[in-house]
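Please open the model in your viewer and keep the sequence beside it. The tour below proposes one selection after another and states what is to be found at each stop.

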Amino acid sequence: LSAPFKVLQQYEKHLGDSVDVLTKDGRKLTGVLTDVTPVEFTIEVTRKVKEPGAKRPVMVAEPVTLAVADCKQVAYHFDFK
């Protein structure tokens with residue numbers, strides 16, 4: 001279960017699940033896998049953003065599209081809550 005994805009079917013199986021992505025430039029992203037093609041995939045990353053004039057930061061979900069070739073590994077994210 002903790003092994004990185006290697007084939008397209010693994011990406012398709014985990015659509016809608018939370019995944020960990022390690023890019024070749026060293027960024028670590030965690031988000032929900034929303035779309036998969038043979039060349040690229042899209043995850044929805046949730047971040048805290050402080051809006052001007054707001055008291056507290058709000059959680060904003062933004063899609064991030066990454067090429068499969070630009071990632072070192074993509075694996076299922078385990079959440080032990």
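**First stop: Val21**

Select Val21 and display what surrounds it. Leaving aside residues up to four places away in sequence, Val21 touches Arg27, Lys28, Leu29, Phe41, Ile43, Leu66, Cys71, Gln73 and Val74; a contact here means heavy atoms within 4.5 Å. The model is predicted, so local features need pLDDT of at least 70 and side-chain atom pairs count only at pLDDT 80 or more, while totals for chains, interfaces and linings use all residues. Residues are numbered from 1 along each chain as its sequence is written, and side-chain values use heavy atoms, with hydrogens and water left out.

**Second stop: the nonpolar core**

Next, select Val21, Phe41, Ile43 and Val74 together. Which role do these four have in the largest nonpolar core? Among its 14 residues, they touch the most other members. Strand 1 (18–23), strand 2 (28–36), strand 3 (40–49), strand 4 (58–67) and strand 5 each contribute at least two residues to this core. A nonpolar core is a set of buried Ala, Val, Leu, Ile, Met, Phe, Trp, Tyr and Cys residues joined through side-chain atoms within 4.5 Å. Buried means under 20% relative accessible area, exposed over 50%, and partly exposed in between (1.4 Å probe, protein chains only).

**Third stop: the aromatic rings**

Keep Phe41 and add Phe5 and Tyr11. The structure holds four aromatic pairs; rings of Phe, Tyr and Trp (its six-membered ring) pair if their centres lie within 6.5 Å, and planes under 30 degrees apart count as stacked, over 60 as edge-to-face and the rest as tilted. How are the rings of Phe5 and Tyr11 placed? Their centres are 5.2 Å apart and their planes stand at 75°, so this pair is edge-to-face. Tyr11 also pairs with Phe41, at 5.6 Å centre to centre and 35° between the planes, which is a tilted arrangement. Because Tyr11 lies in helix 1 (residues 8–13) and Phe41 in strand 3, the pair ties together parts that are 30 residues apart in sequence. Phe5 and Tyr11 are buried, and Phe41 is buried as well. Ring pairs thus join Phe5, Tyr11 and Phe41 into a cluster.

**Fourth stop: along strand 3**

Remain in strand 3 and select Thr42, which has its place there. Is Thr42 buried or exposed? With a relative accessible area of 12%, Thr42 is buried. Beyond residues up to four places away in sequence, Thr42 touches Val32, Leu33, Thr34, Asp35, Pro63, Val64 and Thr65.

Now move to Glu44, also placed in strand 3. Glu44 is partly exposed, its relative accessible area being 37%. With residues up to four places away in sequence again left out, its contacts are Gly31, Val32, Thr34, Ala61, Glu62 and Pro63. A distance label between the C-alpha atoms of Glu44 and Val19 should read 9.9 Å, although these residues are 25 apart in sequence.

**Fifth stop: the salt bridges**

How many salt bridges does the structure hold? There are two, a salt bridge being a side-chain nitrogen of Lys or Arg within 4 Å of a carboxyl oxygen of Asp or Glu. Select Arg47 and Glu62: their closest N and O atoms are 3.2 Å apart. This pair links distant parts of the chain, with Arg47 in strand 3 and Glu62 in strand 4, 15 residues apart. Arg47 is partly exposed at 39% relative accessible area, and Glu62 is partly exposed at 29%.

Then select Asp25 and Arg27, whose closest N and O atoms are 3.7 Å apart. Asp25 counts as exposed at 59% relative accessibility, whereas Arg27 is partly exposed at 38%.

**Sixth stop: a surface patch**

Select Leu1, Phe78 and Phe80 and turn on the surface. These residues form a nonpolar patch with about 430 Å² of accessible area together. Phe80, in the segment after strand 5 (71–76), counts as exposed at 76% relative accessibility. Patches are made of residues with over 30% relative accessible area and no salt bridge, with like charges joined within 9 Å and nonpolar side chains (Val, Leu, Ile, Met, Phe, Trp, Tyr) within 5 Å.

**Last stop: the whole chain**

Finally, clear the selection and show the cartoon. The protein chain has one helix and five strands, which follow the pattern α-β-β-β-β-β along the sequence. Helices (H or I, at least four residues) and strands (E, at least two) are DSSP runs, numbered from the N terminus. Along the principal axes, the C-alpha atoms fill a box of roughly 45 × 30 × 20 Å. Of the 81 residues, 23% are buried.

Note on methods:
Areas by Shrake-Rupley, 256 points an atom, 1.4 Å probe, with all protein chains shown as cover.
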